[in-house]
Every structure is written in structure tokens, then in C-alpha cells.
Amino acid sequence: MRELELLKTIAASPKAQLEKTLAEGKKVIGVMPYFCPEELVYAAGMAPFGLWGAEMQANESKRYFPAFICSILHTTLEMGLRGELNALSGIMIPISCDSLKGMGANWQYGVKTVPVINVAYAQNRKIAAGDEFSRSQMMKVKGELEEICGHAITNEDIAAAVAVYNENRAAICAFTEAVGAKPGLISAADRSAAIKAGYFMDRKEHTDLLTALTESINAAPAPVWKGLKVVTTGIIADSPELLKIFDENGIAVVADQIAQESVDARYPTPVTEDPVLGMAQRYGRIEGCSVLYDPVKERGHQLVDIAKANGADGIIWVMTKFCDPEEFDYVPVKRMVDAAGIPLLAIEVDQQMVNFEQARNAVLTFAEMLG
């Protein structure tokens with residue numbers, strides 16, 4: 001499938017994609033997780049560029065963060081300190097968890113060439129006051145982006161960008177549904193790469209490639225699948241080495257509740273007269289992510305429903321090491337999953353990992369138990 005090969009190439013080489021975008025004369029804004037208003041960057045005629053860390057050893061960043069901070073922050077800051085992101089015209093950093101709250105200040109001190117755009121959201125996000133607060137913060141972000149791009153960002157520009165992103169989210173959902181319906185046709189690693197590529201390229205282009213790929217999947221005969229079917233959950237699950245272990249053990253990812261993947265895609269922005277308010281309202285509707293205020297742990301109910309709807313044999317929680325919100329979620333969510341009789345395996349991962357034998361043994365044992 002030609003589209004899949006293109007998406008895999010982009011996902012595997014974000015640096016090359018960054019250089020390509022810069023060569024086209026566009027300014028690029030780095031976007032850290034989670035749920036930053038990328039549409040505002042797109043509306044400004046600039047290119048959003050996802051910064052979800054990298055598989056590398058962090059050294060310089062440990063002068064700013066203790067070793068027990070999640071590797072997404074460590075490796076992103078490491079790239080900044082090494083000068084690998086100096087071509088960015090800015091970086092959006094959300095204040096979504098305790099660790100991210102310190103990221104902006106550390107970046108400003110250590111990476112003086114790339115200005116920080118802090119993104120704050122309402123914690124009490126499901127009331128009108130929460131929507132209005134989040135909208136006010138997005139308007140602040142809009143003003144800072146206007147200073148960088150050098151022109152006003154109109155409501156028409158924002159509404160057009162919202163439409164592009166809503167189409168992209170719908171394309172991601174259609175893709176994951178098609179992959180889940182035919183386990184064994186697309187590997188776990190390829191599924192992840194096809195989604196991940198969207199963080200480094202124009203979303204219209206990503207939508208076109210993903211839609212064509214989905215059509216090919218829908219047209220292909222379903223393979224006879226005798227392996228296991230799982231749902232993944234967590235912040236990020238894009239390590240090729242880890243996903244290769246899934247494939248080696250006959251495990252197909254039929255659905256996910258991953259922040260980098262389907263959690264964002266399931267929630268389109270409401271179309272409103274004020275598009276910025278619509279973006280704020282979308283933030284209030286998102287469920288299933290540990291960094292969002294979730295007193296009833298809707299994430300657990302979602303996981304059970306997703307697993308049952310997709311006929312999953314179990315759930316694999318890809319636990320980002322040192323991520324406090326994920327660790328706090330684990331116990332109550334596991335209780336819900338256990339009560340539903342669905343097996344769950346938690347695997348701790350770190351982008352600085354070089355040895356995956358512990359994860360390999362855990363996945364092998366889980367597969368044998370379910371098989």
C-alpha cells in the first residue's frame with residue numbers, strides 16, 4: 001500500500017519533514033502534548049509540528065529536570081538544548097500536569113532562541129465558566145501567534161482550520177475502525193505510524209493519504225486471524241521496538257484509548273459562530289485521558305465499552321514511566337476493568353529505554369495466559 005509506505009517514512013523521519021516544511025517557506029510552531037489549539041497555528045498560515053519526545057538518551061535536560069520526570073519532557077527539552085529545534089518560530093507548551101507546569105520556564109531559560117507560548121485550560125472544564133476561561137486563554141495564544149506570523153488571524157481563517165482538523169479526526173477514526181475490523185492486515189507498528197505521521201505534516205495531506213489507505217484496507221480481503229486482539233491505553237504507544245513485540249506474539253491492536261491516537265480524534269470541534277469558543281467547548285468534552293479532570297473515571301467505563309465493542313481479548317496499558325496522572329488513574333481504572341472480567345497488562349515504557357526484554361517477557365506471558 002503506497003500510502004502506508006509514505007506515512008511510515010514521514011513518521012520515522014520527523015527531522016526530514018521539518019526541513020521540508022521550512023524549505024517551503026513556512027514558519028513552524030512546535031506543539032507539545034496535550035490538546036494544544038493546533039488549529040490556531042494552521043489558521044495563521046504556519047505549520048504545527050508535534051513534539052512528543054524522541055527515542056534518545058537525555059543528558060543536558062537533567063540539569064533542569066530531575067531524573068524522575070517523564071521522558072517526553074526530558075527528550076523534548078534535550079532536543080531544544082542541543083539546538084535541534086532552533087528553526088522553530090515558537091513552541092506551544094500546555095499546562096496539563098505538574099511536570100508540564102515547569103517545562104515552559106525551563107525551556108525559556110535553556111532554549112532562548114525559541115519563544116514559549118504557554119497554553120492554559122480550565123480544570124473545571126464542563127461548565128460555561130470553564131468554556132469562557134479556556135476561550136480567553138486561546139485568545140491569548142492567538143495574539144502571541146499573530147505576533148509571530150505578522151498578521152491578524154481572522155475568524156474565517158480559524159473556522160476553515162477547524163474544518164480541516166475535524167476532517168482529519170474523522171479520517172483517523174475511520175482508519176482505526178477499518179484496521180480493527182481486519183486484524184492481521186496492518187501491523188501494530190504500521191497502525192501507529194500512520195496516525196503519528198499527522199503530527200509532522202499538513203493535516204489536509206494526512207487526511208488524503210489516510211483516507212486512501214482506509215479505502216484500500218476496506219477493499220482488501222480480511223486475513224484469517226488466529227491471534228489475540230487487544231485495546232491499548234496510555235499517553236503514547238509509538239515505540240517501534242515495543243510494537244514489534246506485539247506483532248511477534250500475534251497481538252493485533254483493534255482499538256485504542258491513547259492520547260496521541262484516538263483520544264484526540266474522537267472529539268471534533270463543535271461548529272459555532274465563534275470558532276474559538278467551539279475549540280474551548282471541545283476541550284470540555286474530551287474524555288479518556290489522565291491529565292483531564294475526571295472525577296468519575298469515565299476512562300474506565302470507556303475502556304470496558306471499547307474492549308467489548310471490538311471483541312478484544314484484553315487491554316494493554318502502555319504506562320509512561322514517571323507519569324503521575326497515569327499512575328493515579330491505574331488503580332481505579334483497573335478495578336473497573338477487573339469487574340468487567342477483562343484481562344489487563346500494564347507495561348512501563350520510557351523513551352530512553354534501550355532494552356525491551358522485560359516488556360517482551362511480560363507480553364509473552366500475557367499472550368500465553370490469554371491464548
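A disulfide here is a pair of cysteine sulfur atoms within 2.5 Å. Keep that cut-off in mind for the opening stop, and remember that you are looking at a predicted model.

**Stop one: the cysteines**

Select C70 and C323 and show their side chains. The sulfur of C323 has its closest cysteine sulfur in C70, 6.1 Å away, which is too far for a bond. Try it from the other end: C70 is in no disulfide either, and the nearest cysteine sulfur is that of C323. Across the model, the count of disulfides is 0.

While you have the pair up, switch on a surface. Are these cysteines buried or exposed? C70 counts as buried because its relative accessibility is 8%, and C323, with a relative accessible area of 6%, is buried too.

**Stop two: a helix pair**

Now hide the cysteines and select residues 240–248, which make up helix 10, along with residues 357–370, which are helix 15. Their axes come within 10 Å and cross at roughly 30°, so the two helices are roughly parallel to each other. Turn the view to look through one helix at the other: the crossing is right-handed.

Which residues make the contact? On helix 10, pick out E241, L242, I245, F246 and E248. From helix 15, add A359, R360 and V363.

Finally, colour that selection by residue type. You should get 5 nonpolar residues and 3 charged ones, with no polar residues in the contact of helix 10 with helix 15.

Conventions: Residues are numbered from 1 along each chain as its sequence is written. This is a predicted model: local features need pLDDT of at least 70, side-chain atom pairs count only at pLDDT 80 or more; totals for chains, interfaces and linings use all residues. Side-chain values use heavy atoms; hydrogens and water are left out. Buried means under 20% relative accessible area, exposed over 50%, partly exposed in between (1.4 Å probe, protein chains only). Axes are lines fitted to C-alpha atoms, for helices over the stretch in contact, and angles run from 0 to 180 degrees between N-to-C directions. Helices (H or I, at least four residues) and strands (E, at least two) are DSSP runs, numbered from the N terminus. Angles under 35 degrees count as roughly parallel, over 145 as roughly antiparallel, 65 to 115 as roughly perpendicular and the rest as oblique. A crossing is left-handed if the near helix is turned anticlockwise from the far one by less than a right angle, and right-handed if clockwise. Contact means heavy atoms within 4.5 Å. Ala, Val, Leu, Ile, Met, Phe, Trp, Tyr, Cys and Pro count as nonpolar, Asp, Glu, Lys and Arg as charged, and the others, Gly among them, as polar.
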